[in-house]
Amino acid sequence: NEAWRLLSNDDPIVDLDGFHLRFNYDHREAGSFWKNIVEDTRSLGFAITSDSVSALTSSSPSSESISTPVSFETSSGKKHVTSLRKLLGIDDKTVVQLTFGALQFIDTEKHLQSLLGTQSLFFRVLEFYLKQRIARLGILTELLRDASDGTPHSTLLDTLDKQAQLNNSDHRGLLQILLFAACGPVKYPSREQLQYLIENMGNERFVQQVVQFLSEQHCLERQQAMEALLSLFYSRLVVNCSEYCLILVALQKHCFFAEGNFNNRRLPQLTGLLCAEVINLNSAGPSHAYFNNNDFSILKKFVMDLSQQVVKRREKQLGTMDYSSASEMVIDSPESVAIFSVGLLVKLNEKNGDIDCLELGNKCGAFEYMHFLFTALLSRKPSIQEYHDDASYDWQLADSMPALLIESDNQGLGMESNLIIYTSIGLEILNTAVIALGDFLAFSENINLLCHLGAILYASRPVFCQEFWNNPTSTGVLVESA
């Protein structure tokens, strides 16, 4: 509902101001993370500086005006508030506000006292808090796609962007926040926090379910932040060579999300797309921004080092992999898309370049991974998967009380926009690869791989497919001639 109110301009000034405060509070620790990755990027040899123009708020928005009901002063009410405060790191009044938000469809006057202190209400409020964070990232993603100049939407984005700068001029507030949301450190509950929950909210089984839910929702939050980053670069932001390396540095802290036990593989897939989109292949040529100074040589060295790590990881995983299904034969290697994209720039701009993008891409599994990546992302499934069960939780209230169930709100908001962005990035890669490979197209393996990639990108789009193969100015003609 909040998303649609914002996007339909329903009282936009009030809603957007409130959204701005809550969004900043969600990511109030972004500044320290940003400072660290800028320092790591500078240590590679880039002349890059940062400045946070306005600090993100550390106080909870709109909570001061909330009066605490008497029910929260009881022993069960204090246990409810303290448990959530200790787990989430928020203040007491914010817990009260979240509790009423989570119970907006329940008669609170009748049932609040009996709900306080129960596992059912605790989990409902926890779920509400985490999904609100994801929803706000989803709202920002839509605003980035739908912000014309001079609208309240664009004013909000400009305000967020001005909160941080790089090199004393370029506004990078949105990049700062979204990189933190996607790549920031994971805050797992401490032993003391978990022990408090066990002693005050139930048993170890319940706490294990809470930890699992936190992990699942955190993965979804990273995933939505990655969607927002794609929209940021697709519609608004072009960066230079040092900033591209800064993004790679941030992603490298999590091995580009290629390692770990994820519930789905969409996060590394989106990471691979981001690695291609940020480099702006549509502008590949001698005038490309990356070739305006000596920074590109630093980026090439970083990519070379990165490629060695990818090859070692692929060899290790392939040596222990069970080939019982086709999907398991594809190693997640989003870094390979970055390596391949940098290689394409070298091919297009340096006749005697010291990186062979074809050989390096093959070693890192770039072609195979892009085939797998686009097949998965263009399958018209919602980009954000809900983790819920149709049945109520084991700890729901007795039949005489209102059951607190997780409600599915998965309506595929922004799904078509996602597909457009994914396809556009894929076509950038395809067209640039055809031009860059030139005479190397004659090798059957290259033609096969590029034709497969084209088939995926043009699936269900026969008009554009015919244009690709038949238009004399199209790169498809080069493939056909080869």
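Q: How many helices and strands are there in the protein chain?
A: There are 21 helices and three strands. Keep in mind that this is a predicted model.

Q: Why is Glu142 called buried?
A: Its relative accessibility is 11%, and buried means under 20%, so Glu142 makes the cut.

Q: What makes Arg145 partly exposed?
A: Arg145 comes in at 22%. Partly exposed runs between the 20% and 50% cut-offs, so that's where Arg145 belongs.

Q: How do you know that Glu142 and Arg145 meet in a salt bridge?
A: The N to O distance is 2.8 Å, and the rule asks for within 4 Å, so the pair counts. Both lie in helix H7, three residues apart, about one turn of the helix.

Q: Why is the pairing of Arg236 with Asp161 called a salt bridge?
A: Their closest N and O atoms are 3.7 Å apart; the limit is 4 Å, so this pair passes too. Arg236 sits in the loop between H11 and H12 and Asp161 in helix H8, so the bridge ties together parts 75 residues apart in sequence.

Q: Is Asp161 buried or exposed?
A: Buried: Asp161 has a relative accessible area of 11%, and the cut-off is under 20%.

Q: What makes Asp40 and Lys253 a salt bridge?
A: Their closest N and O atoms are 2.9 Å apart, and within 4 Å is what's needed, so they qualify. This pair links distant parts of the chain, 213 residues apart.

Notes:
Residues numbered from 1 in each chain as written. Predicted model: local features only at pLDDT ≥ 70, side-chain atom pairs only at ≥ 80, totals over all residues. Heavy atoms only, no water. Helix = DSSP H or I, 4+ residues; strand = E, 2+ residues; numbered from the N terminus. Salt bridge = Lys/Arg side-chain N within 4 Å of Asp/Glu carboxyl O. Buried < 20%, exposed > 50% of the residue type's maximum accessible area, 1.4 Å probe, protein only.
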